[in-house]
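Visitor: I would like to go through this structure and ask what stands behind each label. Please set the values against the criteria as we go.

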Amino acid sequence: MFRRIGNTVVRHPVWTIVAWLIAAVAIVATAPSLPSNSDESSFLPKSYESIKAADLQEKAFPSAFTPSAIALYQRTDGGRLTAADTKDVARITKELGEKHIDQVQKVVPGQPSKDGKYTMTLVQMDSKSAGQPEQADAAKDLRDSVKALTKGTDLEAKLGGSAAQALDQQESSTRGEALIGIGTFVIILVTLLIIFRAPILAVLPLILIGVVSAIANGLIAYATKLFDLQANSSISSILIVVLFGVGTDYFLFLMFRYRERLRAGDEPKQAMVNAVARVGEAIASAAGAVIIAFLALVLSTLGFLKQMGPALAIAVAVTLVAGLTLIPAVVSLIGPKVFWPSKSWQTEPENARFAALGRGVRRRPGLTAAVSGLILVALSLGTLGFNATFDLASGSMPKDKESMVVQDEMQKAYSAGAAAPTDVYLSSTDGKPLDKGSFDAYAKKLGAVDGVSSAKMTQVSKDGATADFTVTLKYEASADKAIDAVGDVRDVAHSAAPEGTEALVGGMSSIYKDIDTAVNHDYRTVFPVAALLIMVILGLLLRSVVAPWYLMASVGLGFGATLGATVWIFQNGQGHSGLMFMLPVIMYLFVVAIGTDYNILMIARLREEAREGRDPREAAGMALRHAGPTVAAAGFILAATFATMMLAGNALLTEMGFAVSFGIAVAAFVMSMFFTPSLTALIGHAAWWPGHGDRIEGTPDTAAPAVGMDRDTPAPDPSGRTH
């Protein structure tokens, strides 16, 4: 099949390129804009208690005041607020309400802090637009207005709250995307120039992947709208890296094999056909593993991951099609001039370092497997200290952003949980009015829960069937202690509810508690499904039921080593309280799926060498000699491009950038170069059972083809002509 694709594309390169350009223009011109949502509650399905509580609040207390933005005031000299300051705050609050800013429903004064140094203005916005771009716009207007109204006073004002966090997250994401895009571009360009010393070859993938990126983003926008998926600003940053990183991988897979075929004496166009025929299956299998792993995210209960899975799968699918059609078409048009001005493509270097590595693996496969395996196991021990954090907003932007400064100052000036109190909604099961006489005793039981600062009944619905008990925790909403405490609050709220009533616990800590439950569900569901499907692809590629097992075991070790190293660096080294809750899921999919690319490329080449008559150890050495440079180049570029995510300046992308880049480096430079080939050499012919991977039909044991030669390609004579 891949030979037919190569023949068609090489025979009609211009039509192939024109078809891609027409598709790009049509899709980009008609695609809808990609929405974004930063509201954590939107990530959860309706079945979770925190979401049920939010729905009940809207029905029972439609006019309940829930601040979306908080203006925090303090004196510029840091002293206690004076009577004049309090008067200025009252004026500012009144004038803010009179501005009638879009999305703003109510503006009311807040409570002063116990030390008298801070006070607040609370702003309520339309709850239906929580986390949407229009509330970020409203927050910008509010922030500008508050700063303008404080001019001429002794006050300093900062805007925080969920709407301000959405604004700061949006601005941080835009800056991060620009840095990631520039960093990715520079890394790919410089690395390809060093590898090939050919400017055309260095620039070409950036141009081609740019076209692919435009098409992929358009298709993702279509899918997001069609299936009503949630979107998040962090996805755009991840997409940039996936498209350019994976696209460059497939470009390198093809170009290294194209160069090898030219060195073997193939005519240029035939060299491209043979390259697609030989490496196409490995590229398709690698892409298939990534696509299936990403699609496994649709089994997630978190809306963010449900949207990210299909989006990344679409991106990789488009990249795969481009790798098998667009790239071969363009390169076949240019021919060997793509390597200009370098002449090194014409001959294979002698005493190449990868040939030496191959000889080492061939001679001592047992030692190689043991050493590389021990390194992975040692790093994996760090996973025992893993702890999750759940504040997606603060994780998605730097700590010096204004909304984050407000959050920190409020925790110091007020009770840590005051900024995001927990609400317990007690409702009668028959719709009749509640017995108000039981309220004090119920509130007392809630207040006695360990980790609760205070609990009181704050309002009753108009029909008297639902009461709202405000529970203030001692800890910030996303802290581990707050999440543990809200679990205890739930237990007491449910068990102590008077007969004929039921209780639902809402608020941010309750949402984080449910996210924790959802993530644990995903660990038990997404991980094994993705692993099983990748194993099926490996089995189909290798026609073996043995090799997929140890390949997935090695990838599992790579995942453990990556998570362990990330825990040691960020939790133990930098003192972080934990890693972002979604990091292990994302790391698993990127390291397992994309990291498997290199295993697939290496094992496919090893199988090819074995089928040409080489014994297992020799096949491992030759596979490392010829596939090693491709894996090293592709692994370095992909790891470096993911590392650019660390430039974004926020905890989520910094942790993700390090973890994925480290995991890919482990996959490329430890697993695929040493662990996998040495294990395969030790297992021998049994690795291909029940297939016949050890011999190409008609190839004699004693006369294996020349290294890198295709059995269906004529051998060159000394003059360079083919027979």
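Guide: Two strands count as paired if DSSP finds at least two bridges between them. The model here is predicted. S1 and strand S4 (residues 155–160) share six bridges in the antiparallel sense; the criterion asks for at least two, so S1 and S4 are called paired.

Visitor: Which residues stand opposite each other in S1 and S4?

Guide: Gln 74 is opposite Glu 156 in S4, and Tyr 73 has Ala 157 of S4 as its bridge partner.

Visitor: How do you know that S1 also pairs with strand S3?

Guide: Six bridges join S1 to S3 (residues 119–125), and the two run antiparallel. Since at least two bridges are needed, the label of a pair holds for S1 and S3. One of the partnerships is that of Ala 71 with Thr 121 in S3.

Visitor: What makes the sheet an open one, and what is the order of its strands?

Guide: The four strands follow the order S2-S3-S1-S4, with antiparallel pairing, and form an open sheet. Strand S2 (104–109) and S4 stand at the edges with a single partner strand each, so one side of each has no neighbour in the sheet. On average, neighbouring strands of this sheet are turned by 20° against each other, direction ignored.

Visitor: Which helices lie on the sheet?

Guide: Helix H5 (residues 133–149) packs on the sheet and touches S1, S2, S3 and S4, its direction making about 175° with that of S4. Helix H15 (residues 402–413) lies across S1, S3 and S4 and runs at about 105° to S4.

Visitor: Why is S1 called mostly covered?

Guide: S1 spans residues 67–75, and eight of its nine residues are buried. Buried stands for under 20% relative accessible area. For the protein, 58% of its 723 residues count as buried.

Visitor: Why are Lys 147 and Glu 402 called a salt bridge?

Guide: The side chains of Lys 147 and Glu 402 meet at 3.3 Å, N to O. The cut-off is a nitrogen of Lys or Arg within 4 Å of a carboxyl oxygen of Asp or Glu, so the pair qualifies. Lys 147 is in helix H5 and Glu 402 in helix H15, 255 residues apart, so the pair links distant parts of the chain. As general background, side chains of opposite charge can pair when their charged atoms come close.

Visitor: Is each partner buried, partly exposed or exposed?

Guide: Glu 402 has 17% relative accessibility, and the limit for buried is under 20%, so Glu 402 is buried. Lys 147 has 34%, which falls between the limits of 20% and 50%, so Lys 147 is partly exposed.

Visitor: What separates Asp 144 from Lys 140 along helix H5?

Guide: Asp 144 and Lys 140 are four residues apart in helix H5, which means a separation of about one helical turn. They form a salt bridge, with the closest N and O atoms 3.5 Å apart. Asp 144, at 42% relative accessibility, counts as partly exposed, and Lys 140, at 41%, also counts as partly exposed.

Visitor: How do you know that Glu 608 and Arg 257 are buried?

Guide: The relative accessible area is 13% for Glu 608 and 8% for Arg 257. Buried begins under 20%, so the label holds for Glu 608 and for Arg 257. Their side chains meet in a salt bridge of 3.4 Å, N to O. The pair links distant parts of the chain, with Glu 608 in helix H20 (residues 583–611) and Arg 257 in helix H8 (residues 233–263), 351 residues apart. Salt bridges with shared partners join Arg 257 and Glu 608 into one network, which also includes Glu 260, Arg 278 and Arg 605. A search of the whole structure finds 22 salt bridges.

Visitor: Why is Trp 15 called exposed?

Guide: Trp 15 has a relative accessible area of 66%; exposed stands for over 50%, so the label fits Trp 15. Trp 15 has its place in helix H2. A nonpolar surface patch of about 530 Å² is made by Trp 15 together with Val 14, Val 18, Ile 22 and Leu 333. Helix H2 (residues 13–30) gives the patch its largest share, four residues.

Methods:
Residues are numbered from 1 along each chain as its sequence is written. This is a predicted model: local features need pLDDT of at least 70, side-chain atom pairs count only at pLDDT 80 or more; totals for chains, interfaces and linings use all residues. Side-chain values use heavy atoms; hydrogens and water are left out. Buried means under 20% relative accessible area, exposed over 50%, partly exposed in between (1.4 Å probe, protein chains only). Axes are lines fitted to C-alpha atoms, for helices over the stretch in contact, and angles run from 0 to 180 degrees between N-to-C directions. Contact means heavy atoms within 4.5 Å. Patches are made of residues with over 30% relative accessible area and no salt bridge: like charges are joined within 9 Å, nonpolar side chains (Val, Leu, Ile, Met, Phe, Trp, Tyr) within 5 Å. Accessible areas come from the Shrake-Rupley method with a 1.4 Å probe; for residues, only the protein chains shown count as cover.
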